[in-house]
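The following report describes how two chains are arranged and how they meet, and then turns to a few details of backbone geometry. Please read it alongside the sequence and the coordinates.

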Amino acid sequence: MPNLDETDLKIMRATQAGLPLTARPYHAVAEQLELSAVEVIERMRRLQEFSVIRRIGAVPNHYKLGYRFNGMTVWNVPEEKIDALGQKIGRLDFVSHCYHRPRHLPLWPYNLFAMVHGKSQEAVDRQIEQIAEILGDDNLGSEVLYSTRILKKTGFRSR
Amino acid sequence: MDEIDRRIINALQAGFPISERPYLEAAQALGLSEQELLERLGKLLQEQTLSRFGPLYDAEAMGGALTLAAMQVPEERFEEVAEIVNGFQEVAHNYARRHTLNMWFVLATETPQQLRDALDEIERRTGLTVYDMPKITEYFVGLKLEA
């Protein structure tokens with residue numbers, strides 16, 4: 001991990017909501033921050049090299065592209081096997097996020113989270129079956145939580 | 001959204017250049033003019049087909065803190081509690097979900113201490129338990145959606 005300084009943070013704050021839609025967007029950012037364009041470009045390349053910038057590009061709105069079925073699938077799997085299983089599930093092409101998170105017993109026994117996205121309920125059901133097949137006997141219980149309403153969504157550091 | 005818009009969305013979900021004329025480079029790869037790409041991106045953002053165009057930062061790598069939290073909110077208090085939770089600028093997303101834990105929100109702050117303070121304050125102001133579920137390990141983040 002690189003050492004990030006205040007200038008890196010300024011660049012992050014100036015660009016996290018989006019890049020300017022002008023022919024020279026990094027020059028526009030530089031001008032706003034009173035830096036040189038070369039410095040902004042070099043720093044952003046370094047941030048990308050160290051994966052502080054995960055990627056640069058278009059972030060589509062799932063719903064507008066027809067992905068209206070977005071389920072948070074949660075699974076109870078043995079802790080000693082979770083890393084190997086999590087990596088397998090994370091490789092599935094319909095999974096957007098896959099994490100190990102803590103259980104809160106007795107209310108919440110699930111420790112593996114995988115977000116799935118489909119254009120129909122049937123598509124999502126097939127995805128869930130695929131995950132269950134991979135987990136096999138290590139699937140000690142699961143649920144799928146569908147969102148019923150977006151209560152708040154800001155662009156800030158959204159995924 | 002037409003066929004050109006679909007090609008733009010499919011091609012530009014990652015790998016946008018960091019260079020002097022990045023839109024020009026991206027446009028050439030798509031067989032478009034720079035001006036047309038800029039106009040189409042502006043329109044896709046305006047009609048919210050794209051929620052954003054630019055860099056996606058790893059908040060934690062920037063020294064920030066991020067967590068997913070859930071609450072069990074009594075139905076009759078749902079709107080009141082949603083208003084309290086949404087009022088926190090640290091809350092980036094908040095979703096109603098069909099479950100005993102029926103409210104799920106993501107908090108993002110610049111420091112871990114601010115995150116703990118916000119979670120405590122939400123508990124204090126709502127009188128409800130907040131179940132904090134920070135990631136222990138990340139196996140994958142990212143997804144290319146076909147337009």
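Is B:Gln48 buried or exposed? In this predicted model, B:Gln48 has 11 other C-beta atoms within 10 Å and is therefore exposed, the cut-off for that class being 12 or fewer. The residue sits in the loop between helix 3 and strand 1 of chain B, and its phi is positive, about 65 degrees, although B:Gln48 is not a glycine. A residue of chain A shows a positive phi as well: A:Glu34, which is not a glycine either, has a phi near 55 degrees and lies in the loop between helix 2 (25-33) and helix 3 (37-49) of chain A. A:Glu34 counts as exposed because it has 7 C-beta neighbours inside 10 Å. A further backbone feature is the cis peptide bond that joins A:Leu105 and A:Pro106, with omega about 0 degrees; A:Pro106 is placed in the loop between strand 3 and strand 4 of chain A. As background, most residues other than glycine have a negative phi, and most peptide bonds are trans.

The domain assignment divides each chain as set out below.

| Chain | Domain 1 | Domain 2 | Separation of C-alpha centres |
|---|---|---|---|
| Chain A | residues 6-49 | residues 63-146 | 36 Å |
| Chain B | residues 3-46 | residues 65-132 | 37 Å |

The contact between the chains draws 64 residues from chain A and 59 residues from chain B. On the side of chain B that touches chain A, the elements giving two or more residues are helix 2 (22-30), helix 3 (34-46), strand 1 (50-57), helix 4 (78-86), strand 3 (91-97) and strand 6 (137-141) of chain B. Of these, strand 1 of chain B gives the most, with 8 residues. Sorted by class, this side of chain B comprises 35 nonpolar, 15 polar and 9 charged residues.

The two chains also share an open sheet of 9 strands, whose order is 5(B)-2(B)-4(B)-3(B)-5(A)-2(A)-4(A)-3(A)-6(B) and whose pairing is antiparallel. Its edges are strand 5 (130-132) and strand 6 of chain B, each of which pairs on one side only, and from one strand to the next the twist averages 25 degrees. Within this order, strand 5 (residues 142-153) of chain A and strand 3 of chain B run antiparallel and are joined by 5 bridges; A:Lys152, for example, has B:Asn94 in strand 3 of chain B as its bridge partner. Towards one edge, 3 bridges join strand 2 (residues 65-71) of chain B to strand 5 of chain B, again in an antiparallel arrangement, and here B:Met71 has B:Val130 as its bridge partner.

Helix 4 (residues 82-90) of chain A offers a view of packing that involves both chains. Its residues A:Leu85, A:Gly86, A:Ile89 and A:Gly90 are buried, and because they cover an arc of only 135 degrees around the axis, they lie on the same side of helix 4 of chain A. The buried residues of this helix pack against strand 3 (95-100), strand 4 (112-118) and helix 5 (121-135) of chain A, together with strand 6 of chain B. Strand 6 of chain B thus appears both as an edge strand of the sheet and among the packing partners of helix 4 of chain A.

How values were computed:
Residues are numbered from 1 along each chain as its sequence is written. Chains are lettered from A and ligands numbered from 1 in the order in which they are written. This is a predicted model: local features need pLDDT of at least 70, side-chain atom pairs count only at pLDDT 80 or more; totals for chains, interfaces and linings use all residues. Two residues are in contact if their C-beta atoms, placed from the backbone, lie within 7 Å. Helices (H or I, at least four residues) and strands (E, at least two) are DSSP runs, numbered from the N terminus. Ala, Val, Leu, Ile, Met, Phe, Trp, Tyr, Cys and Pro count as nonpolar, Asp, Glu, Lys and Arg as charged, and the others, Gly among them, as polar. Two strands pair if DSSP finds at least two bridges between them. Domain bounds come from an automatic or database domain assignment. A residue is buried if 20 or more other C-beta atoms lie within 10 Å of its own, exposed if 12 or fewer, and partly exposed in between; C-beta atoms are placed from the backbone. The arc is that of the directions from the helix axis to the C-beta atoms. Axes are lines fitted to C-alpha atoms, for helices over the stretch in contact, and angles run from 0 to 180 degrees between N-to-C directions.
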